[in-house]
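Thanks for sharing this one. Below are a few friendly notes to read alongside the model.

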Amino acid sequence: MPLVNAKEMLTKAKAGKYAVGQFNINNLEWTKAILLTAQENNSPVILGVSEGAGKYMCGYKTIVGMVNGMLEELNITVPVALHLDHGSYDGAKACIEAGFSSVMFDGSHYSIEENVEKTKELVGICEKLGLSLEAEVGSIGGEEDGVVGAGECADPDECKMIADLGITMLAAGIGNIHGKYPENWAGLSFETLDAIQQKTGDMPLVLHGGTGIPADMIQRAISLGVSKINVNTECQLSFAEATRKYIEDGKDLAGKGFDPRKLLAPGFEAIKATVKEKMELFGSIDKA
Ligand code: 13P
């Protein structure tokens, strides 16, 4: 099945009280592992691409070519959206041109007026082309690809202003942070999430920083309207751990263990296991 936008899968998720995972991709192995896991578990999935990962993978056109090729060659029949993560205004436009089916415009570091203005313009473009659009209010904490946020709690009234522009899904800061959570992390602010959900109604809400959030918090967030959860660091950690073990066990030195198809295989399997675990937790299995 060709790429789809994220609207239908997230509308269904919000109504059905589960969440669709956005898993960020970094290379061919990552992409293949996520697509195969989605297919094996009959789950919709969103492939996330940050601007930094986009550069690393030789640009958005290369990524679109790779993903479209895999959808066909791997016979992927579950719904898959290819989504720009934390895009700038220009980045969003470049991805739209390159053939992404979904983009995020992160205007959280602008004034709310400027965020509204730029988001509105992109709503018009995405509507015309049938793409989904994610917007952000209240910056997400931590650092991702050099984009640093302080982990604010979004203002529910500002969330409503942005939600009313016609976006598909809304990312709002509720004390979440990208990367590993520090020991003294205060946890998600369910009070903020509840207030945002009350103001924004049916709008699917997005929880960034999915790595390391305890299962009970994830479930509570879903019950309060979160329908998309982003995971990046956790796949990186699983991949690195499995690859380190392969090398520490000296397997790259035995026979043809240096062959990249062998050397990267444990990391590939580790990403699959992490993605499956998250799909189980988010409740998206058999929801394709
Ligand atoms: P983590 O790296 O913390 O999983 O966050 C991913 C994310 O929110 C991507 O936008």
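Which helices and strands do the buried residues of H8 pack against?

1. Let me take that question up straight away, with the reminder that this is a predicted model. The buried residues of H8 pack against two helices, H7 (156-163) and H9 (215-223), and against strands S8 (169-172) and S9 (205-207).

2. As for who does the packing, helix H8 covers residues 190-200, and its buried residues are Thr192, Leu193, Ala195, Ile196 and Gln197. Have a look at the end of the helix too: just after H8, glycine 201 takes a positive phi of about 60 degrees.

3. Now to the ligand. There are 15 residues around the ligand, and those that come nearest are His208, Thr211, Asn230, Asn232 and Thr233. Two or more residues of this shell come from each of strand S3 (80-87), strand S10 (226-231) and helix H10 (233-248).

4. You may like the chemistry of that shell: twelve of its residues are polar, two are charged and one is nonpolar.

5. Stepping back to the whole chain, you will find twelve helices and ten strands. The radius of gyration is 18 Å, close to the 19 Å that the globule rule gives for 288 residues, so the chain is as compact as a globular protein of that length. Its C-alpha trace spans about 60 × 45 × 35 Å along the principal axes.

6. Finally, burial and contacts. Of the 288 residues, 48% count as buried. Among contacts with a separation of 6 or more, 71% are between residues 24 or more positions apart.

Note on methods. Residues are numbered from 1 along each chain as its sequence is written. This is a predicted model: local features need pLDDT of at least 70, side-chain atom pairs count only at pLDDT 80 or more; totals for chains, interfaces and linings use all residues. A residue is near a molecule or strand if its C-beta atom, placed from the backbone, lies within 6 Å of it. Helices (H or I, at least four residues) and strands (E, at least two) are DSSP runs, numbered from the N terminus. Ala, Val, Leu, Ile, Met, Phe, Trp, Tyr, Cys and Pro count as nonpolar, Asp, Glu, Lys and Arg as charged, and the others, Gly among them, as polar. A residue is buried if 20 or more other C-beta atoms lie within 10 Å of its own, exposed if 12 or fewer, and partly exposed in between; C-beta atoms are placed from the backbone. Two residues are in contact if their C-beta atoms, placed from the backbone, lie within 7 Å. The radius of gyration is taken over C-alpha atoms; the globule rule is 2.2 Å times the number of residues to the power 0.38.
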